Amino acid sequence: MSTRLQTKGRLVNRDRQISFSFNGKRLKAYEGDTLASALLANDQMLVGRSFKYHRPRGVVASGAEEPNALVNLGEGHRFEPNARATTTEVFDGLKAGSQNHFPSLEFDVGAINQHLSRFLPAGFYYKMFIHPRPLWKHVYEPFIRQSAGLGKAPDAETRDPDTYEYFHAHTDVLIIGGGVAGLTAALAAGRAGAQVILCEQTADWGGRAAVDGDEIDGMPVEEWIKNALQELESMKNITLRTRMMGAGVYDHGYVLCYERLTDHIGPSEGPRHRLWKVRAKQVVTATGAIERPLSFAGNDIPGVMLASAVRDYAINYGVSAGDRTVVVTNNDDAYRTAIAMLDAGLSVPAVIDVRATPDTPLIERVKSRGVRVMQGMAIAKVKGGKRVTGVSVCSQAGEGAVLEDIACDVVAMSGGWSPVVHLWSHCGGKLTWDEAGAFFRPDPTRAPLSFDGTPFVIAAGSANGEMDEGAVLADAYTMGQEAAKRVGATPKGAAPTAKDTAQAPLLPVWMMPQGASYKLRSKMWLDYQNDVKVSDVQLAAQEGYESVEHTKRYTTLGMATDQGKLSNINGLAILAQELNAPIPQVGTTTFRPPYTPISMGAIAGEAKGEIFQPLRRTPMHDWHEAHGVYWEPVGHWRRPYCYPQSGESHEDAVNREVVNTRENLGLLDASTLGKLIVKGPDAGKFLDMLYTNMMSTLKPGRCRYGLMCSENGFLMDDGVVARIDDDTFLCHTTSGGADHIHAHMEEWLQTEWWDWQVHVANVTEQYGQIAVVGPKARDVLQSLGGMDVSKEALSFMGWADGTLGGIPVRIFRISFSGELSYEIAVDAGRAQELWELLHANGQQFGVMPYGTEALHILRAEKGFIMIGDETDGTVIPQDLGLHWALSKKKADYLGKRAQQRTHMTDPDRWLLVGLETVDGSVIPDGAYATGEGTNANGQKVVQGRVTSTYYSANLKRGIAMGLVLNGPDRMGEQLTFLKTDGTAVHARIVDPVFYDKEGVKQDV
Amino acid sequence: MLILHCPNCGVMADETELTAGGEAHIKRETVGSDDAAFEQYLFQRENPRGVHFERWRHTSGCGKWFHAARCTASLEVFGTYPAQTVEPPKEITDKITAKRPGWSWRSFS
Ligand SMILES: [Zn+2]
């Protein structure tokens, strides 16, 4: 059993006991424990179930590389799945639970999958896709759905109550990793005077050196760490951060760091996580190394752990993983675990070493304490179910004939170490194969490059492939100095020193025994979380998956939440062996950020709720709010959709507004309309290129409706242009269009016609705009007084400056409703005043404000198009019967050449018509008109679609516009539109102008 | 998250301040062009692994368009220059030649 030892544990505070719960069970821990160490201290080795076969899973590692110990934390609004127990610090009251099991962790019915494992081989999902549909529907889909996804998603109704924030930082040098290498690199860069940020993902400085190291600079490692920290803290140019992980390295020195501020104390005030967006001139990755598992049958049974983790738990937390530990290794380093176990008073029945190697100091130390060292031996299989009970030993050279059984409850395995090269690789840093260590290490000649073509990432210490303490320190100091030099600082001081321990070479063994049978290989796990075994990778290779990237996707090796931190090299090695190619030739898969998952909250930062994005308010926003508005989001704006009166539905309100505007007087807040001033001697020439019609001939004082097309020929915006004077035009754009049309103008002016003398200014927010619409529009303006608004003084499509009720205004006589209409532009600061004046004086004329829905209906009754309804990026003006707005006199305009392409002049393009339902109902928006027969895909032929559709309260029927094959030639013909409920609605093709066809009402 | 020097306002601009505008030095074809030339203008783009010329706009800055010559593989920036030109300045093509001998891109080399 696993339990708490008598020895103290360097990271836990035995004076402060805390309590937490796991699967509802109350358990004790000490301050400083991780959830994993606390669970082990409580003999809870079984922590979860695997993804595919629901095999029992125990703690394997002691850090971020842990594949198995994934738990859910918290409850309700703070429920969070897939937290790694090895990196979760325990606090008083923490609630954790295991996942991926039913009905309980101890008894799981999904575990039956493991007996079906020969039906779930590599590529299972891909292979299933070729089966016929019924088999999918009734057999595979329910199975996959039930087993898909690790952990449980938080309830959709919950809302994260915590806050998160961003930090932006600029620095000379960012050092990622606070082990002895990171500390040493920081000393080197800091002493040189460079500005440094040093971050460490765990709560403690020094990394694993304090567990394994002997002495640095002649003092115990822990003391050296304390001194180093003291020196670093005394330097003003150094920022130190624990619980902060380097998550991803991106172009030109951009790095995301993930700081966990309160996870170790539980829900509290202030931000929970902080996402650092760092721009570093140089990045030093001192990210250490990760120990590799070995592949032997039963290597996934709880109790089989990384050798380093077994001693980490003993030395750091005073926790024994078990009483009897068998060490299995291909290198010297694992012998340290045997020593640590003996020091803790535990038993080590044997060290199984695949090598036949002469004694080195480490081996000698183990042997001298009476431990049996079995050389040239291997594990044939691990015995046990939910917990290791023993191992069967065989010769590494053979096929697995059992020589003897050894009882134990922990198997401490070591396949050597791999440098953590993730951050080096994120932005394109290349790797080179290290034959001696059997690992990939950073190739300093192919580092990620900054904008000036110089390298900006430096690997240091174990992350750079140095595995001996003395070499680590020397390398880290050199690299810290190199980073300082690159930012223009002058290196000073000397590297700390340590003695290296002589070690025999590692023997790269990827599978044991060498001639293992299929039966054994199908029990050797490579990827614990995704249940990928040696036999799966071998099968993939046999089926022709030679590329490592393909094998990864086919087998799902390394695709779990741990991103293959443990399985990467072993999987590659098995694949290489199977392909009979050297490992470096097979290559490695791509390392992608983040290094370990980061919270969605941190990514969102402060942007949630009301400050998710800025809200644009028109000058009359508050008035609308005070008058019962129902808002519609339009881009970043809020626009009134309608103004329901008490007891009124939105539909009723819209109908009332529509009728009142036609019969009396309506007020519309049109302030969101884009307003661009285009000015300069070449302004007319410029607008002639931008609009399809001629703008240069427009007389000052007059307005003209214009269309804008992209160079592709498609309609992109429309609006009324007013000529202010010879050099100045005011271009109105659609509400959503102001910014991108402004950008569109700037682009052509700056990049194509840069010698034309034109300036563009976006004055959208400088003016409020009020549309005064209806038969009594003139009456209300006259009641305010100040300027002549008669037909003679201000005719249709004219504009004039003046005052209304003492407020300076510019009035445009333009109409988007077909009624007598004045659009009044007014300084934004006085817009609400004018609005209130119009509203007060309008009472005698039956004034009512109206919203966007009434606006839409009024324009549809008149057959006016709306960008975004009648157009969708594939529609040209010719489709909409707007030939009159296409100048024939102009040699060129944007889109003109494109509109000559064969597809654009195809006589079978769908064209705009009106649609009138036979029964007076409203056709659903987007409905398609059916034609005769079926197309090549067996789908029903269609011959048109609805682009705008409304109930017209003025006409008391449904009206619609649509694009129909040869539509204008088919007036009166009846079409059938299908509804989504399977029924149909019939409509006649009619003229799109439903109301006041002669256009007399707007021109009075 | 590239860093590009804005030749108009002189700042080293973070990519978040910039808008990418696709390939640079495209000659406009219009009325009178044959279909092949017009297709080339509208749709055919270079997609090199290596030296490339791009348009960028300092949108959340001075608002000006400029051109960047950079390597799409190594992310090295050879230089930026104002958009009001039909070809890259010689000092930039010289710099590319020094770093990538034998390079060519469309009609430039
Ligand atoms: Zn700029």
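This is a short tour of a predicted model with the viewer open, moving from whole domains to helix pairs and single residues.

**Stop 1: the domains of chain A**

Start by colouring chain A by domain. Domain 1 covers 12-119, domain 2 joins 166-289 with 419-486, and domain 3 spans 323-413. Further along the chain come domain 4 (509-585), domain 5 (621-875) and domain 6 (907-990). Notice that domain 2 is written as two stretches, 166-289 and 419-486.

Now show just domain 1 and domain 4 of chain A. Their centres, taken over C-alpha atoms, are 27 Å apart. Where these two domains touch, domain 1 of chain A supplies 12 residues and domain 4 of chain A supplies 9 residues. Colour the domain 1 side of chain A by residue class and you should find 5 nonpolar, 3 polar and 4 charged residues facing domain 4 of chain A.

**Stop 2: a loop early in domain 1**

Stay in chain A and select Asn23(A). This residue sits in the loop between strand 2 (13-22) and strand 3 (25-31) of chain A. What is the sign of phi at Asn23(A)? Asn23(A) has a positive phi, about 50°, even though it is not a glycine.

**Stop 3: helices 7 and 8**

Next, select residues 307-317 and 335-343 of chain A, which are helix 7 and helix 8. The two axes lie 8 Å apart, and the helices pack at an angle of about 30°. An angle under 35 degrees counts as roughly parallel, so helix 7 of chain A is roughly parallel to helix 8 of chain A. Their crossing is left-handed.

Show the side chains to see who takes part. Helix 7 of chain A brings Ala307(A), Val310(A), Arg311(A), Ala314(A) and Ile315(A). Across from them, helix 8 of chain A brings Arg336(A), Thr337(A), Ala340(A) and Met341(A). Sorted by class, this contact between helix 7 and helix 8 of chain A holds 6 nonpolar, 1 polar and 2 charged residues.

**Stop 4: two cis peptide bonds**

Move along chain A to Met512(A) and Pro513(A). The peptide bond joining them is cis, with omega near -5°. Pro513(A) belongs to the loop between helix 11 (469-486) and helix 12 (518-521) of chain A.

Then jump to Pro593(A) and Pro594(A). Is the peptide bond between them cis or trans? The bond from Pro593(A) to Pro594(A) is cis, with omega near 0°. Look for Pro594(A) in the loop between helix 16 (583-586) and helix 17 (600-604) of chain A.

**Stop 5: helices 19 and 24**

Select residues 650-663 and 852-861 of chain A, helix 19 and helix 24, whose axes come within 9 Å and cross at roughly 55°. With that angle, helix 19 and helix 24 of chain A are therefore oblique to each other. The crossing of helix 19 and helix 24 of chain A is right-handed.

On the helix 19 side of chain A, pick out Val654(A), Glu657(A), Val658(A) and Thr661(A). They meet Glu853(A), Ala854(A), Ile857(A) and Leu858(A) in helix 24 of chain A. By class, the contact of helix 19 with helix 24 of chain A has 5 nonpolar, 1 polar and 2 charged residues.

**Stop 6: helices 22 and 23**

Now try residues 777-784 and 828-841 of chain A. These are helix 22 and helix 23, with axes that come within 10 Å and cross at roughly 110°. Helix 22 and helix 23 of chain A are therefore roughly perpendicular. The crossing of helix 22 and helix 23 of chain A is right-handed.

Which residues of helix 22 of chain A make the contact? They are Val780(A), Ser783(A) and Leu784(A), and their partners in helix 23 of chain A are Leu837(A), Leu838(A) and Asn841(A). The contact of helix 22 with helix 23 of chain A has 4 nonpolar and 2 polar residues, with no charged ones.

**Stop 7: chain B and its partner**

Finally, select chain B. Chain B has 2 helices and 6 strands. Trace chain B from its N terminus and the order of elements is β-β-β-α-β-β-β-α. The radius of gyration of chain B is 14 Å, close to the 13 Å that the globule rule gives for 109 residues, so chain B is as compact as a globular protein of that length. Along the principal axes, the C-alpha atoms of chain B fill a box of roughly 40 × 35 × 25 Å.

Bring chain A back into view to finish. Where the chains touch, 21 residues of chain B are in contact with 19 residues of chain A. The chain B side comprises 10 nonpolar, 5 polar and 6 charged residues.

How values were computed
Residues are numbered from 1 along each chain as its sequence is written. Chains are lettered from A and ligands numbered from 1 in the order in which they are written. This is a predicted model: local features need pLDDT of at least 70, side-chain atom pairs count only at pLDDT 80 or more; totals for chains, interfaces and linings use all residues. Domain bounds come from an automatic or database domain assignment. Two residues are in contact if their C-beta atoms, placed from the backbone, lie within 7 Å. Ala, Val, Leu, Ile, Met, Phe, Trp, Tyr, Cys and Pro count as nonpolar, Asp, Glu, Lys and Arg as charged, and the others, Gly among them, as polar. Axes are lines fitted to C-alpha atoms, for helices over the stretch in contact, and angles run from 0 to 180 degrees between N-to-C directions. Helices (H or I, at least four residues) and strands (E, at least two) are DSSP runs, numbered from the N terminus. Angles under 35 degrees count as roughly parallel, over 145 as roughly antiparallel, 65 to 115 as roughly perpendicular and the rest as oblique. A crossing is left-handed if the near helix is turned anticlockwise from the far one by less than a right angle, and right-handed if clockwise. The radius of gyration is taken over C-alpha atoms; the globule rule is 2.2 Å times the number of residues to the power 0.38.
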